[in-house]
Amino acid sequence: MNMVSILKWLHNWIGFVISITMLIVLTTGVYLGSVDLLKRTDNLGQTFVPLTIEQKAETLATVFERYPEMSTVRFPTEHTPYIQATARGKAIALDSELNELASRASFDLPFYETVFWLHRNFLIDNGGKYINAWASLAGAIVTLIGIYLWWRVRNGFRLKQTLPKNTRSSSLLKSHIQLGLFISIPLFILCLSGFLITYNSLWTGALNQKPVTQSFPLSQGNDWLSQLNSAQQVWPDAELVSVSKPRSKPGKKPTPKMQGDAIKPLAQMFSIQFDEHPGVWLREADRISINHTTGVIESALKHSERPLSGRIASFVRPLHDGLNMPASYVALITLVSLIGTGILSFSLVTFCRRTFGRKAKKAA
């Protein structure tokens, strides 16, 4: 048996073994991506009007006081023309006068919670996410093998074979190959990033970078206007887009000691996020850390100043679920998931016909 035959056998059998898990992940991914797109395309009747530094400071003070459970305040941008107060799975939209436009909780949507956990861990609690991770890695390997096999026998693209003409195995197989080529790279990225999200210890260390010693503008403690002005002076040409406070860890009830620590001055650390230019792919990636109580800027780090490993690590989750990425990217990965569902279904039908159908005929 030569190498091509071995790889073809691996491609077929590994693909068959993980077919059910991958179909679940892809179909649920289509649902989750579609929900995200619907949220992004709804501007809630607002037109983008940039806020001044004074307006941003007033917004922060009011929103954090009014909604203490919210961890991030996002200011209007061209792609989201309203103010947002967000926490895990929750978002409140406000107009420039801080009137509430809408309140959303993802898990309140029909079937969303079930679909989300089905996508994440197949509803098998902690063990399911590891099954998902290794199935995703296997999917990435199968995708690479498929690209190599096509390269060995390539004879160009044939658009007429993209959609199957009938339900015959030959037609389904040609469609599987053609569609698989179109989505091979983004599908590989989705599979690999899904594996890395579960095993995040493999890459999160690359995000930890010691801040470069430098002097920062001084600002007044507990004064958002002074602190936002100081932060803007660090990167005068960047757009200040959001401010976040530390989030409490999920699943842990605050003890009296933790509650006491939370009100200490040194615990009042906030992250101020910037976009270097409007067309940036990874939004909110340039960050300044500031102690709100003292007004001291602790560190400032641009995404472009990270080492290559840090820049790659910054994209692991955004490439998988579109977090802080353009809506066009969310549309792309949703389409990839939809097409992936189709080609996996075609290959599953063809494989079962050719493998188990022949055995049944021989037994007869």
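Visitor: What is the helix content over residues 329-352, and how far apart are the end C-alpha atoms?
Guide: In this predicted model, residues 329-352 are 100% helix and 0% strand. The C-alpha atoms at the two ends are 34 Å apart.

Visitor: Where does UniProt place the feature "transmembrane region"?
Guide: The UniProt record, an unreviewed entry, places that feature at residues 12-32, 131-151, 179-199 and 329-352.

Visitor: And how far apart are the end C-alpha atoms over residues 179-199?
Guide: They are 30 Å apart, and that stretch is 95% helix with 0% strand.

Visitor: Turning to packing, at what angle do α5 and α6 pack?
Guide: Helix α5 (residues 125-152) packs against helix α6 (residues 169-198) at an angle of about 150°, and their axes are 8 Å apart. The crossing of α5 with α6 is left-handed.

Visitor: Which residues meet there?
Guide: Among them are Trp134, Leu137, Leu144 and Trp150 in α5, which meet a set in α6 including Leu181, Phe188, Leu192 and Phe195. The contact comprises 16 nonpolar residues, five polar and one charged.

Visitor: Different topic: how many residues has the largest nonpolar core?
Guide: That core has 31 residues, and those with the most contacts inside it include Leu60, Trp224, Leu228 and Phe274. Several elements each supply at least two of its residues, among them α7 (224-234), β5 (239-244) and β6 (269-275). Helix α3 gives the most, with five residues.

Visitor: What is Leu228 in contact with?
Guide: Beyond its neighbours within four places in sequence, Leu228 is in contact with Ile53, Lys56, Ala57, Leu60, Leu240, Val243 and Ile272.

Visitor: Which residues does the second core include?
Guide: This separate core of 22 residues includes Leu26, Ala138, Leu282 and Met325.

Conventions:
Residues numbered from 1 in each chain as written. Predicted model: local features only at pLDDT ≥ 70, side-chain atom pairs only at ≥ 80, totals over all residues. Heavy atoms only, no water. Core = buried A, V, L, I, M, F, W, Y, C linked by side-chain atoms within 4.5 Å. Buried < 20%, exposed > 50% of the residue type's maximum accessible area, 1.4 Å probe, protein only. Helix = DSSP H or I, 4+ residues; strand = E, 2+ residues; numbered from the N terminus. Contact = heavy atoms within 4.5 Å. Axes fitted to C-alpha atoms, helices over the stretch in contact; angles between N-to-C directions. Left-handed = near helix turned anticlockwise from the far one by under 90°. Nonpolar A, V, L, I, M, F, W, Y, C, P; charged D, E, K, R; others polar. UniProt positions renumbered as here; feature names shortened; annotations may be inferred.
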